[in-house]
Amino acid sequence: MVPEFFQDAPGLTNQYDDDPLLASYLRQRLPPKMIAEIEPSLRRLGGRAAGELLALDAAAEAQPPRHVPYDAWGRRIDAIPTSHAWRELDRIAAEEGLVAIGYERKHGALSRIDQFARLYLYAPSSATYSCPLAMTDGAARLLELYPDEVTRPVFEHFVSRDPERFWTSGQWMTERTGGSDVSATSTVAVAEGASYRLHGTKWFTSATTSQIAITLAYVQPERGRERSLSVFLVQLRDVDGALRGIRVNRLKDKLGTRALPTAELTLDGAPAHLVGEAGQGVRKIAALFNVTRVYNAVAAVAGMRRAIALARDYARRRVAFGKPLADHPLHAETLAAMETEWRAAFMLAFHVVELLGRQECNEASTNELARLRLLIPIAKLYTAKQAVAVASEALESFGGAGYIEDTGLPRLLRDAQVLPIWEGTTNVLSLDVLRALEKTSGLTSVLDDARQRLAGVRSETLGSAVGRVRDAFQRIEAFADRAAQEGRAFAEVRARSFAYAIARTMAGLLLLEHADWSMAAGESTAAVTAATRWCARDLARLEDDEGPVPSPMFIG
Ligand code: MFK
């Protein structure tokens, strides 16, 4: 009898040891003493990501949250029971210091690199627990900037490593009226003594089981003052666990991120605390969403890495046409193209992480601050698009199995698809890039910095790639000059191509620096291959009189 054949499933090993880029990047950017200190816990987390966390991730996905509007006796309770696994993911996040490390600042500005390296390991095995962590970190940053007697103890909960004390925060910015246009918020805040009560509807509220939420509302005009959009802190529940002036209308039925409770809420007199002075709501909450956008970029890179790890493992196990997929040149080429995409995204995202750390430790120069303002939306929008493209390609690399739900693989794509949507869509952020160009010297700073960095790349092997990056930056500069002359309409319709051009060219620069360092350090040739591959493409496709140059996202 012919033995029956069953294909082995793809598997994961320690996600720190298995990652050819993370450890190399850390060696490039961190002092050896710091690496010696943090590496054992990174390795431990890499092991958890392939074992215990992975099991929790699957269990949380299998048991999504439910909305229970009433108790058995008809009382309105609006409970949202979550799975044991989801709560364990919270506990482990606290234990691992996933938010805390960014605020303990044990290694000064470099602490953000340490923290985001851990997030990168944790996120793809977390059933999107990375989302509440992102919003908690953003809220922590906001409260750090606007401390008072109410916000200080809340901040302490956010940065606690004790699972019993650790709290998370939601970020309620989206309304039926507002959506991306946050200033069109309809929620109003009515003063009540030193406090406020909120009335309105929030259309998307992620991680609604969090203890805290940061939200926006218009403070009603007082004594001739104008209505002002302001930031509020809401503590969702009283000591008995009952919601305070909040009704859950329903949980959202989403394409992905299914373990994450996302609700539609009515605020019916919810008590709220004003964060900072009234007014300048969008400007203030930008401190929060600039952190969550960095999380988005790192989670995108982490998702790509996970998709590639599974696809690579499968390519070794799956034999077709007489040999493993990995030995078929075209399959190997597709995997290499995906890997180049991920390496470029990694460099861009972690560059922004570095700048964020410097900003928060007051070490960033004026030029670095302007660069950070410009590069956050660019890194967020570009890595999110790459994550979807890489996930889609990864699914295809499994053939039909990639389309079958109980392999767990379709989730890679479903969960990636939210990344270009939440925290600002690609177009909204492309327009934000234009705004940053108009308001700051970000582009001049990027160009000056790039010239210096390119001059520092010593290896002759990388010479022609350096030339291509230099040329791409020159085209970006020429385009910006032209856009300034032609006016807003010209720039707006081309804003996406322009943001992509900066993202690709910046990633090229960072890949080259890493490749140059790798060669000098005697590391493998992988970084050189990735840098030359990436820079061989047209990095800045902008030279066009007819309209925006189409910028398709595809692998290869
Ligand atoms: C793993 C990752 C997980 C991530 C967590 C996911 C949870 C999901 C939660 C969500 O998705 S929440 C909803 C996300 N929604 C958004 O991100 C909103 C998208 N829309 C924008 O970003 C718009 O560009 C924006 C609302 C900011 C436009 O509003 P306005 O009122 O037209 O802004 P305007 O007038 O340009 O700027 C107002 C002020 O804010 C200005 O300051 P000044 O008053 O001093 O001039 C701006 O400079 C400042 N500002 C705006 N954007 C900024 C900023 N400052 C710094 N950084 C920015 N990005």
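**Exercise 1. Classify the residues around the ligand.**

Solution. The shell residues divide into 12 nonpolar, nine polar and seven charged. Nonpolar here covers Ala, Val, Leu, Ile, Met, Phe, Trp, Tyr, Cys and Pro; charged covers Asp, Glu, Lys and Arg; the others, Gly among them, are polar. In total, 28 residues surround the ligand. The closest are Ser183, Arg283, Arg293, Arg435 and Lys439. A residue is near a molecule if one of its heavy atoms lies within 4 Å of it.

Ground rules: this is a predicted model, where local features need pLDDT of at least 70, side-chain atom pairs count only at pLDDT 80 or more, and totals for chains, interfaces and linings use all residues. Residues are numbered from 1 along each chain as its sequence is written, and side-chain values use heavy atoms, with hydrogens and water left out.

**Exercise 2. Find which helices supply the shell, and place the ligand relative to the domains.**

Solution. Start with the helices, which are DSSP runs of H or I with at least four residues, numbered from the N terminus. H7 (130–145), H9 (281–317) and H13 (426–439) each supply at least two shell residues. H9 gives the largest share, nine residues.

Now the domains, whose bounds come from an automatic or database domain assignment. Domain 1 (169–280) and domain 2 (427–535) both give residues to the shell, so the ligand lies between them. The domain centres, taken over C-alpha atoms, are separated by 39 Å.

**Exercise 3. List polar atom distances to the ligand, then state how much of the ligand is buried.**

Solution. Take the atoms in turn.

- Ser183: a polar side-chain atom lies 2.6 Å from a ligand oxygen atom.
- Ser180: a backbone N or O atom lies 2.9 Å from a ligand nitrogen atom.
- Gly424: a backbone N or O atom lies 3.4 Å from a ligand oxygen atom.

Taken alone, the ligand exposes 1,200 Å², and the protein buries 80% of that. Areas come from the Shrake-Rupley method with a 1.4 Å probe.

**Exercise 4. Is Asn427 buried or exposed, and what does its side chain contact?**

Solution. Locate Asn427 first: it lies in H13. Its relative accessible area is 44%, so Asn427 is partly exposed. The cut-offs are under 20% for buried and over 50% for exposed, with partly exposed in between (1.4 Å probe, protein chains only). Next, the contact: the side chains of Asn427 and Arg496 are joined by a polar contact of 2.9 Å. Such a contact is a pair of N or O atoms within 3.5 Å; within protein, one must be able to donate a hydrogen and the other to accept it, and residues adjacent in sequence count only if both atoms are side-chain atoms.
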